[in-house]
Structures are given as structure tokens and as C-alpha cells.
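Grab a coffee and open the viewer. Here are some exercises to work through, each with a solution you can check against what you see.

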Amino acid sequence: MTRQEAKAWLSQAYRAKENAACIIQELDRLWEMAGQVTPAYGHGGGSGGAKDKTAMAAVKIADKAKRYEKELAAYVAAADMVREIIEQVPGVNERLVLRKRYLAFEPWEKIAEAMHYSVQRVYQIHQSALEEVRKIGDK
């Protein structure tokens, strides 16, 4: 495994997280739209009208959420795999940079500030960490 392959492998949690965030955003939007169904007053009040529409929308959204469960589980699994690899990296600073970058998805500047290092130094730690991940991946 090359460093670039190690970096790509670690980045899978980010892609899975972005996918999960899109799914959650879509479901939230659908729930919001379903809640905006209003009754039509003055139409004889026989059937449930808006209540029926809201119930039907809720069932459809719940069905969609069920289909998305697999993709959301993929995010959790990807993050868990990345976390397991990171835990095997021997250096404390290396592990911290990897956690902040690949699990918390923080930008380099924020990582540097939190660690009280320059961005350049964080890049160096990151390169060292990728080398460790590469070694772990080659085992």
C-alpha cells in the first residue's frame, strides 16, 4: 500500500459521512414537507383529507428511510474500520492528526491550532502517520 492509497483508504469515512449527511438532509426535508400539509376547510369534512395525506406521506418517508438504512450503516462501518486502523498507529500526535482529519473531518488549520503547531508541522505529522497506516495495511 502506498501513502496515497493509505490516504484514499482513510478518506472513505469522509465520503460515507457525506453520503449519510445527504440522506439525512433529504429525509428531514421530506418530513418538513409532510408537516406542511394543511386541511382544506369547507369541503364537507367526510374523510380525513389532510390527515390521510400526512399519514400516506409519513409511510412513504418511513419506507424511504428503511431503504437508506443500509447506506447509513455503511458510514458507521467505514468510520469504525478507519478508527480501528488509527488506533494501531503508534504515535500519539499521529493518531490525533488522523482522528481530527479522517473522523472529525477538520481542516488543516483547525488541527494545527488545536495542537499548537504550524500547519506545516501538522502536514509532517500527517505524512508520518500515513507511513504508519501504510505499514499497517501491508501486514
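The exercises below start with the overall fold and then move to single helices, contacts and residues. Keep in mind that this is a predicted model.

**Exercise 1. Take stock of the fold.**
Work out how many helices and strands the protein chain has, and what pattern they follow.

*Solution.*
- Step 1: Count the elements. The protein chain has six helices and zero strands.
- Step 2: Read along the sequence. The pattern comes out as α-α-α-α-α-α.
- Step 3: Check burial. Of the chain's 139 residues, 29% count as buried.
- Step 4: Look at the contacts. Take those between residues at least 6 apart in sequence: 67% of them join residues at least 24 apart.

**Exercise 2. Check the length of α6.**
Compare the span expected for α6 with the distance between its end C-alpha atoms.

*Solution.*
- Step 1: Find the helix. α6 covers residues 119-138.
- Step 2: Get the expected span. The rule is 1.5 Å times one less than the number of residues, so the 20 residues of α6 should span 28 Å.
- Step 3: Compare. The end C-alpha atoms of α6 are 28 Å apart, which agrees.
- Step 4: See what is tucked away. V122, I125, H126, A129, L130, E131, V133 and I136 are the buried residues in α6. An α-helix has 3.6 residues a turn, so residues three or four places apart point the same way.

**Exercise 3. Describe how α4 meets α6.**
Decide whether α4 and α6 are roughly parallel or roughly perpendicular, and list who makes the contact.

*Solution.*
- Step 1: Get two numbers. Two packed helices are described by the angle between their axes and the distance between the axes. For α4 (residues 92-102) and α6, the angle is about 95 degrees and the axes are 9 Å apart.
- Step 2: Classify. Angles of 65 to 115 degrees count as roughly perpendicular, and α4 and α6 therefore fall in that class.
- Step 3: List the partners. α4 brings N93, E94, V97, L98 and Y102, while α6 brings V122, I125, H126, S128, A129, L130 and V133.
- Step 4: Sort them by class. This contact has eight nonpolar, three polar and one charged residues.

**Exercise 4. Now do the same for α1 and α6.**
Find the packing angle of α1 and α6, and say how the residues of their contact divide by class.

*Solution.*
- Step 1: α1 and α6 pack at about 90 degrees, with axes 9 Å apart.
- Step 2: That makes α1 and α6 roughly perpendicular to each other too.
- Step 3: The contact uses R3, A6, K7 and L10 from α1, plus H126, Q127, L130, E131, V133 and R134 from α6.
- Step 4: By class, the contact of α1 with α6 has four nonpolar, two polar and four charged residues.

**Exercise 5. Find the nonpolar cores.**
Which residues touch the most other members of the largest nonpolar core?

*Solution.*
- Step 1: Remember the tendency. In soluble globular proteins, nonpolar side chains tend to be buried together.
- Step 2: Pick out the hubs. The largest nonpolar core has 15 residues, and L10, V82, I86, L98, Y102 and V133 touch the most other members.
- Step 3: Map the core onto elements. α1 (3-10), α3 (50-88), α4 and α6 each give two or more residues to this core.
- Step 4: Look for another core. Apart from the largest one lies a core of seven residues, including V97, W108, A112 and V122.
- Step 5: Zoom in on one hub. Leaving out residues up to four places away in sequence, L98 touches L10, I86, V89, L103, H126, A129 and V133.

**Exercise 6. Compare two residues of α6.**
Are H126 and Q124 buried, partly exposed or exposed?

*Solution.*
- Step 1: H126 sits in helix α6, and so does Q124.
- Step 2: H126 has 2% relative accessibility, so H126 counts as buried. Q124, at 43%, counts as partly exposed.
- Step 3: Beyond its neighbours within four places in sequence, H126 is in contact with K7, V97, L98, Y102 and W108.
- Step 4: Q124 is 30 residues from E94 in sequence, with 9.5 Å between their C-alpha atoms.

**Exercise 7. Inspect the phi angle of H116.**
What is the sign of phi at H116, and where is this residue found?

*Solution.*
- Step 1: Most residues other than glycine have a negative phi.
- Step 2: H116 is not a glycine, yet its phi is positive, about 60 degrees.
- Step 3: H116 is in the loop between α5 and α6, and at 72% relative accessibility H116 counts as exposed.

Note on methods. Residues numbered from 1 in each chain as written. Predicted model: local features only at pLDDT ≥ 70, side-chain atom pairs only at ≥ 80, totals over all residues. Heavy atoms only, no water. Axes fitted to C-alpha atoms, helices over the stretch in contact; angles between N-to-C directions. Helix = DSSP H or I, 4+ residues; strand = E, 2+ residues; numbered from the N terminus. Parallel < 35°, antiparallel > 145°, perpendicular 65-115°, else oblique. Contact = heavy atoms within 4.5 Å. Nonpolar A, V, L, I, M, F, W, Y, C, P; charged D, E, K, R; others polar. Core = buried A, V, L, I, M, F, W, Y, C linked by side-chain atoms within 4.5 Å. Buried < 20%, exposed > 50% of the residue type's maximum accessible area, 1.4 Å probe, protein only.
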